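Hi,

Here is the structure I promised to pass on to you. Have a look at it first, and then read my notes below with the model open beside you.

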Amino acid sequence: MKLFILVALFGLSLAQHNPNFKHGRTSIVHLFEWRWADIAQECERFLGPKGFGGVQISPPHEHVLVSDPWRPWWQRYQPVSYKLCSRSGSEAELKDMITRCNKVGVNIYVDTLINHMCKTFSGTGTHSSCGSWFDAGNRDFPSVPYSSWDFNDQKCKTSSGNIENYGDKYQVRDCRLDNLLDLALEKEYVRGKVAEYMNKLIDIGVAGFRMDACKHMWPGDLSVVYGRLKNLNTQWFPSGSRPFIYQEVIDLGGEAISSNEYVSLGRVTEFKYGAKLGEVFRKWNNQKLSYTKNWGEGWGFMANGNALVFTDNHDNQRGHGAGGASILTFWDPRLYKMAVGYMLAHPYGVTRVMSSYRWDRNIVNGQDKNDWIGPPSNGDGSTKPVIVNSDQTCGNGWVCEHRWRQITNMVIFRNVVNGQPQSNWWDNQGNQVAFGRGNRGFIVFNNEDWDLNVTLNTGLPGGTYCDVISGQKEGSRCTGKQVSVGGDGCATFSISGKDVDPFIAIHADSKL
């Protein structure tokens with residue numbers, strides 16, 4: 001009997017590593033702080049047709065409102081209740097968005113907070129996204145309801161009640177993270193409320209969850225919660241499908257808590273990935289692109305089947321979280337497009353692309369003093385809609401990196417080469433590299449200050465291919481560079497070290 005239970009639990013956890021992508025799609029985009037109405041539109045007009053697999057949405061639960069109209073992005077990470085009304089919209093708008101995205105084959109993954117409620121000094125009253133009353137000082141959240149019995153105040157052994165030493169795993173998991181009221185997830189009642197919230201989201205059609213702050217929760221507690229989750233809604237997913245779980249565990253090594261403690265429960269965010277990729281493309285610490293021949297597990301990353309990877313995320317593009325100054329973001333567009341292109345071409349991990357908004361940076365001693373700034377907002381603090389310009393870029397302060405041609409076309413590249421092994425590696429022992437994905441795609445990078453001219457075996461069938469970085473295939477013509485592949489699979493590549501985008505990518509579907 002025990003063996004049967006263990007096998008069943010192992011099967012559940014393996015299923016939770018599966019993103020449940022539809023129609024051969026392979027990548028998630030994080031539409032950070034977008035309104036539900038705008039995400040629904042973007043699924044229909046862009047993400048569905050372009051082959052994106054899913055959207056990570058900002059937390060949909062009720063949250064504090066900080067000093068109207070001074071509304072920092074991080075207020076979304078301070079829950080007040082599990083009601084589904086947030087800065088992004090109402091419960092009805094959330095349901096409409098999930099339905100419309102599912103109809104065009106785009107999954108929804110919910111950024112989920114179950115480690116804590118709001119900060120201790122968030123006050124008393126109804127200054128929240130749904131108008132619910134709460135009293136943070138007395139641990140009173142009647143809309144859940146939670147009371148002082150449901151928090152870890154008695155369990156934490158530090159004088160401040162906050163984490164004071166990240167080398168102590170008990171502090172990290174039982175004390176408050178930056179004054180955020182730490183939920184007692186070992187209690188049956190709390191587990192029940194959390195599972196109830198997540199199951200409601202499953203009922204309305206989500207495909208999975210990005211679990212925030214997982215290293216601040218005991219793996220055993222998470223295992224119980226995940227085990228109580230329903231199978232996905234059969235209106236949109238095959239019978240028996242489990243929710244995709246990917247867990248935020250910042251592990252750069254040297255701390256008491258390791259990402260390895262969580263990989264049996266679902267995928268884990270591999271924070272080393274973006275940090276190292278940034279170092280390589282910036283050529284810091286004597287790193288070279290040629291050193292990435294064994295990229296992935298060979299670099300000390302977690303096993304391929306356990307990893308969710310990204311070049312940057314909403315935290316570290318602001319200097320928070322992990323990775324430091326090496327993280328590449330939209331502020332460095334030339335290197336950023338190459339790094340994201342590399343990530344999408346390489347077979348390691350499930351990939352997530354970032355989509356951001358601009359803010360006025362104020363860098364003082366390497367730190368951005370404006371890292372708190374929330375999304376583009378109207379005078380009353382409400383979030384501005386995402387405007388799409390005639391050239392398909394975004395307005396109103398939204399960056400929309402996922403719409404940049406080079407990134408969109410590499411998302412398509414990843415779909416086309418899916419399941420093919422890395423092949424035909426070439427490098428110049430420096431910062432010029434190339435590799436294929438079986439007989440389905442080939443990519444070449446020139447991150448040197450001088451020109452590249454080289455003939456390489458692509459592994460692709462002979463013919464003329466459109467480079468999807470400088471342009472794209474439109475009908476029978478190509479809007480960018482063309483690459484001629486001979487009957488032997490070889491092609492000559494020329495990339496100037498001064499090119500705006502010094503890389504070329506071709507794939508089976510870009511053949512003219």
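**Pockets first**

The largest pocket has 24 residues lining it, and Trp73, Leu177, Asp178, Leu180 and Asp315 are the ones nearest its centre. Before you go further, keep in mind that this is a predicted model. The volume of that largest pocket comes to about 590 Å³. What sort of residues make up its lining? They split into eleven nonpolar, six polar and seven charged.

There's a second largest pocket as well, with a volume of about 370 Å³. Its lining has 17 residues, and nearest the centre you'll find Gln317, Gly319, Ala325, Arg361 and Gly366. By type, the lining of this second largest pocket has five nonpolar, seven polar and five charged residues.

**A closed space**

How do you look for gaps like these? Rolling a probe the size of a water molecule over the atoms shows where empty space is left. Counting cavities of 30 Å³ or more gives one. The largest cavity has a volume of about 80 Å³. It is lined by 15 residues, and Asn152, Arg173, Leu183, Leu185 and Asp221 are the closest to its centre. Six residues of that lining are nonpolar, three are polar and six are charged.

**Three residues to click on**

Start with arginine 76, which sits in the loop between strand 2 (54–57) and helix 3 (91–103). Is arginine 76 buried or exposed? It counts as buried because its relative accessibility is 1%, and the cut-off for buried is under 20%. Its side chain has partners, too: it reaches the backbone oxygen of proline 59 at 2.9 Å, and it makes a polar contact of 3.0 Å with the side chain of serine 88. If you leave out neighbours within four places in sequence, the residues in contact with arginine 76 are Glu33, Trp36, Ser58, Pro59, His61, His63, Ser86, Arg87, Ser88 and Leu113. So Pro59 and Ser88 turn up in that contact list as well as in the polar pairs.

Next, try lysine 157, in the loop between strand 6 (134–135) and helix 4 (169–174). Lysine 157 has a relative accessible area of 74%, so it is exposed; the cut-off there is over 50%. Now find aspartate 174: it is 17 residues away from lysine 157 along the chain, and their C-alpha atoms are separated by 8.3 Å.

Last comes glutamine 422, in strand 17 (residues 422–427). Glutamine 422 counts as partly exposed because its relative accessibility is 26%, which falls between the 20% and 50% limits. Which side chain does the side chain of glutamine 422 make a polar contact with? That would be histidine 346, at 3.0 Å. Not counting residues up to four places away in sequence, glutamine 422 touches Lys293, His346, Pro347, Phe435, Gly436 and Arg437. Compare that with asparagine 409, 13 residues from glutamine 422 along the chain, where the C-alpha atoms are separated by 19 Å.

**One note from the records**

UniProt, in an unreviewed entry, lists residues 423–511 as "domain: Alpha-amylase C-terminal". In the model, that span is 0% helix and 52% strand. The C-alpha atoms at the two ends of residues 423–511 lie 19 Å apart.

Happy exploring!

Definitions and conventions. Residues numbered from 1 in each chain as written. Predicted model: local features only at pLDDT ≥ 70, side-chain atom pairs only at ≥ 80, totals over all residues. Heavy atoms only, no water. Helix = DSSP H or I, 4+ residues; strand = E, 2+ residues; numbered from the N terminus. Buried < 20%, exposed > 50% of the residue type's maximum accessible area, 1.4 Å probe, protein only. Contact = heavy atoms within 4.5 Å. Polar contact = N/O pair within 3.5 Å; in protein donor to acceptor, adjacent residues only side chain to side chain. UniProt positions renumbered as here; feature names shortened; annotations may be inferred. 1 Å grid on protein atoms, 1.4 Å probe; cavity = no way out; pocket = protein on both sides within 12 Å on 5 of 7 lines; lining within 4 Å. Points joined across faces, edges and corners; volume = space filled by probe spheres on them. Nonpolar A, V, L, I, M, F, W, Y, C, P; charged D, E, K, R; others polar.
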